[in-house]
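Q: Please take one helix-to-helix contact in this model and look at it closely. Then work outward from there, in one connected account, to its surroundings and to the chains as wholes.

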Amino acid sequence: MLDMLLDPSFLASVPRFVTPLLLAALGGAICERAGVFNIGLEGMMLTGAFAAVVGAYFAGSPYAGALLAALAGTAMGLVFAEFNLRRGGDAIVVSIAINLLAAGLTAFLLRAIFDANGAFNSPDIAGFGVIHIPLLRDVPVLGPLFSGQSPLFYLSLAAVVLLHLFFGRHRLGLRIRAAGENPAGLTAGGVSPNSVRLMALAMCGALCGLAGAQLSIANVNLFVENMSAGRGWIAVVAVLLTRGRPWPLLFITVLFGVVDSLSFRVQGLGMPQQFTDMMPYLATLIALTGLSWWHRRRQS
Amino acid sequence: MSAPEDNWMRSDLLPWISTLAWILGILLILMLLVSAPFGAAIEGFFQGAFGGRRYAFLMQTLSRASLIVGMALSVMLSFRAGLFNIGGEGQLVAGGLVSALVALALPGPPLLVIAASILAGMAAGAAWALLAGVLYLYVGVPLLVGSLLLNFPIRSVASYLVAHPFRDVPSGMLQSHLVPTERWLPYFPGLRLDIGILFIVLVSVLAVVYSHKTLHGYRARLNGLSPDFARAVGLPVARLTLQTLAMSGAIAGLVGAIAVLGVHHRFIDGMLVQPLYAWTGIVAVLLVGMIPWLVPFSGFFFAALQTGAAGMERAAQVPKEIALVMQAVIILFVASRMSLSLASPRGKDKGADGDA
């Protein structure tokens with residue numbers, strides 16, 4: 001068992017699974033702290049995954065893909081803001097609609113733009129290469145874990161630190177927290193909570209878009225309908241469990257990521273794919289159950 | 001925010017006209033995007049939704065509508081009781097799977113097997129919903145995410161069972177064996193429509209009666225409108241919650257059984273998930289603001305939207321996913337016009353600040 005966990009190719013695969021979860025969950029964390037109940041991460045991620053392929057295919061650069069993914073995610077965030085904040089739609093209803101919109105729109109545009117059914121796969125999709133870090137790459141365990149990953153992985157780690165500082169020190173970060181914890185106080189200070197939440201949703205969309213880019217142009221080089229496959233929901237759970245705090249979020253997404261890559265691994269050992277498929281969700285359910293139970297006991 | 005102006009606007013038709021204009025505008029943009037021939041597309045839509053040789057497509061729409069309405073009624077009972085059970089998909093799959101296995105394996109006279117298969121499906125759906133309910137009540141897992149996450153394992157289990165032990169191997173597909181013909185739900189004489197729709201009509205009537213006329217339904221709704229009040233006046237909130245979820249799950253299970261015994265006659269991997277029956281059901285309920293007697297109409301509307309889009313694809317090469325996009329657009333515009341206050345504070349409570 002330990003052998004398997006320390007195996008370089010296993011270690012190298014962990015960040016591939018952690019990155020999308022972490023980026024999406026950090027986006028969700030911003031919404032959570034701003035007091036927006038956003039369970040549309042799944043849809044924003046899927047939108048990003050598709051946009052990344054469009055950008056990488058037509059501009060021939062993965063960075064263009066990632067940029068377009070972030071923009072498309074932001075657009076979804078703004079749609080959320082328009083209907084939730086401005087038109088007063090219920091956050092859960094809007095989230096469900098965003099998820100359906102993303103599923104429909106990506107499948108529709110897949111046909112309209114690429115004339116492809118179900119999946120699009122082409123050598124012209126310029127995917128992300130990996131970044132090798134000199135010296136570190138030769139260190140056992142840490143080398144395969146931290147060297148030779150997609151740029152988005154390093155970005156996601158940086159985002160944890162940045163978000164921590166953002167919530168602690170930055171003016172907008174503080175306002176976002178105020179919008180969640182004490183919106184009346186924020187209003188009294190002359191700032192409209194909804195304009196702060198709008199920013200939060202836009203940032204959340206961008207991060208989820210990048211999470212999608214990791215799925216479609218870093219982990220693989222293709223788009224498959226519904227390729228986010230429930231990861232956005234796992235990110236939602238991670239946000240709920242950590243109440244949107246960046247460092248615990250890193251911890252828990254790494255945990256989920258390890259399970260995810262582990263399940264991928266045991267599939268190679270002959271376990272039916274259907275069982276390995278459900279492992280991440282079971283792990284999420286177990287973590288959710290355990291922590292809820294612990295929380296409840298502590299309260300009573 | 002600007003209250004007086006808002007009131008004046010709300011009492012007027014104007015905002016609804018602008019809503020309609022937005023929706024049609026987006027539809028138009030999508031059609032132009034794929035440069036669809038409009039005449040052919042519109043004709044294809046109506047043909048696909050209501051036409052066909054001997055109204056074959058209309059029957060398809062009705063059959064799909066009955067599944068969607070069933071899922072809609074299932075979530076409606078939960079939603080009205082303030083329970084954000086969005087795990088209908090898992091309950092549907094559990095019901096369909098168990099019903100298929102019973103119909104394939106149980107010996108006995110056809111009529112009894114059909115009845116047993118339906119009841120087993122309903123029990124399975126109820127059990128899956130109860131699992132989410134128990135986690136919610138006794139462990140503190142928020143119902144919203146708990147019920148949703150339970151969708152994934154049951155999908156995998158169903159997929160495994162029809163891919164390995166119960167697979168119809170010669171067919172080459174991931175599906176169970178065909179249920180023997182005498183165990184199918186019969187068709188209406190002369191029509192390609194199974195009698196599953198009758199079950200749904202019955203459930204619709206029962207749901208309206210339950211919601212408006214029974215004490216249990218009244219209490220469940222009270223619990224939805226104000227859980228604190230319900231608790232304060234001494235309603236058995238926990239029991240109410242579990243019973244409501246069980247009803248919800250049983251209806252979803254029934255829909256699964258109808259899809260197996262009436263429509264596909266076997267369990268095919270993904271057959272209950274890919275058409276998004278559960279999500280369309282949720283959307284259908286939200287569209288009409290959870291008013292029970294309107295649910296069948298909105299369910300039929302969305303079913304026609306989907307089969308119509310399939311017709312449009314055949315006739316004018318418009319990707320049929322346009323239906324899904326329009327469904328989302330409609331729900332965004334319409335649901336945000338109506339205050340669904342029933343959903344908002346509770347759901348947020350349970351999710352963001354609640355006992356997670």
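**A helix contact and its surroundings**

A: On the α5(B) side, B:Gly88, B:Gln91, B:Leu92, B:Val93, B:Ala94, B:Gly95, B:Gly96, B:Ser99, B:Ala100 and B:Ala103 meet a set of residues in α12(B), namely B:Gly249, B:Ala252, B:Gly253, B:Leu254, B:Val255, B:Gly256, B:Ala257, B:Ala259, B:Val260 and B:Leu261. Sorted by class, this contact between α5(B) and α12(B) holds twelve nonpolar and eight polar residues, with no charged residues. The model is a predicted one, and everything described here should be read with that in mind.

As for geometry, helix α5 of chain B covers residues 88-105 and helix α12 of chain B covers residues 237-264, and the two pack with their axes 7 Å apart at an angle of about 50 degrees. An angle between 35 and 65 degrees falls outside the roughly parallel and roughly perpendicular ranges, and α5(B) is therefore oblique to α12(B). The crossing of these two helices, α5(B) and α12(B), is right-handed.

Helix α5(B) also takes part in covering another helix of its chain, since it is among the elements over the buried residues of α13(B), which include α4 (56-80), α14 (295-316) and α15 of chain B as well as α5 (91-114) of chain A. In α13(B), eleven of its eleven residues are buried, among them B:Tyr277, B:Trp279, B:Thr280 and B:Gly281, along with B:Ile282, B:Val283 and B:Leu287. Just after α13(B), B:Gly289 has a positive phi of about 60 degrees.

Two of the helices that cover α13(B), α5(A) and α15(B), also pack on each other, with axes that come within 7 Å and cross at roughly 155 degrees. They are therefore roughly antiparallel to each other, and the crossing of α5(A) and α15(B) is left-handed. From α5(A) the residues in this contact include A:Val93, A:Ala97, A:Leu101 and A:Phe108, and from α15(B) they include B:Ile322, B:Val325, B:Gln327 and B:Leu332. By class, the contact of α5(A) with α15(B) has 15 nonpolar and two polar residues, and no charged residues.

That pair belongs to the wider meeting of the two chains, in which 43 residues of chain B are in contact with 43 residues of chain A. On the side of chain B that touches chain A, two or more residues come from each of α2 (14-33), α6 (110-139), α7 (143-149), α8 (151-163), α13 (277-287), α15 (322-335) and α16 (344-353), and α15(B) gives the most, with eight residues. That side of chain B divides into 31 nonpolar, nine polar and three charged residues.

Taken as a whole, chain B has 16 helices and zero strands. Its radius of gyration is 21 Å, which agrees with the value near 21 Å for a compact globule of 356 residues, and its C-alpha trace spans about 65 × 55 × 35 Å along the principal axes. Of the 356 residues of chain B, 56% are buried.

Chain A, for its part, has 13 helices and two strands. The radius of gyration of chain A is 19 Å, close to the 19 Å of the globule rule for 300 residues, so chain A is as compact as a globular protein of that length. Of the 300 residues of chain A, 55% are buried.

Terms used
Residues are numbered from 1 along each chain as its sequence is written. Chains are lettered from A and ligands numbered from 1 in the order in which they are written. This is a predicted model: local features need pLDDT of at least 70, side-chain atom pairs count only at pLDDT 80 or more; totals for chains, interfaces and linings use all residues. Two residues are in contact if their C-beta atoms, placed from the backbone, lie within 7 Å. Helices (H or I, at least four residues) and strands (E, at least two) are DSSP runs, numbered from the N terminus. Ala, Val, Leu, Ile, Met, Phe, Trp, Tyr, Cys and Pro count as nonpolar, Asp, Glu, Lys and Arg as charged, and the others, Gly among them, as polar. The radius of gyration is taken over C-alpha atoms; the globule rule is 2.2 Å times the number of residues to the power 0.38. A residue is buried if 20 or more other C-beta atoms lie within 10 Å of its own, exposed if 12 or fewer, and partly exposed in between; C-beta atoms are placed from the backbone. Axes are lines fitted to C-alpha atoms, for helices over the stretch in contact, and angles run from 0 to 180 degrees between N-to-C directions. Angles under 35 degrees count as roughly parallel, over 145 as roughly antiparallel, 65 to 115 as roughly perpendicular and the rest as oblique. A crossing is left-handed if the near helix is turned anticlockwise from the far one by less than a right angle, and right-handed if clockwise.
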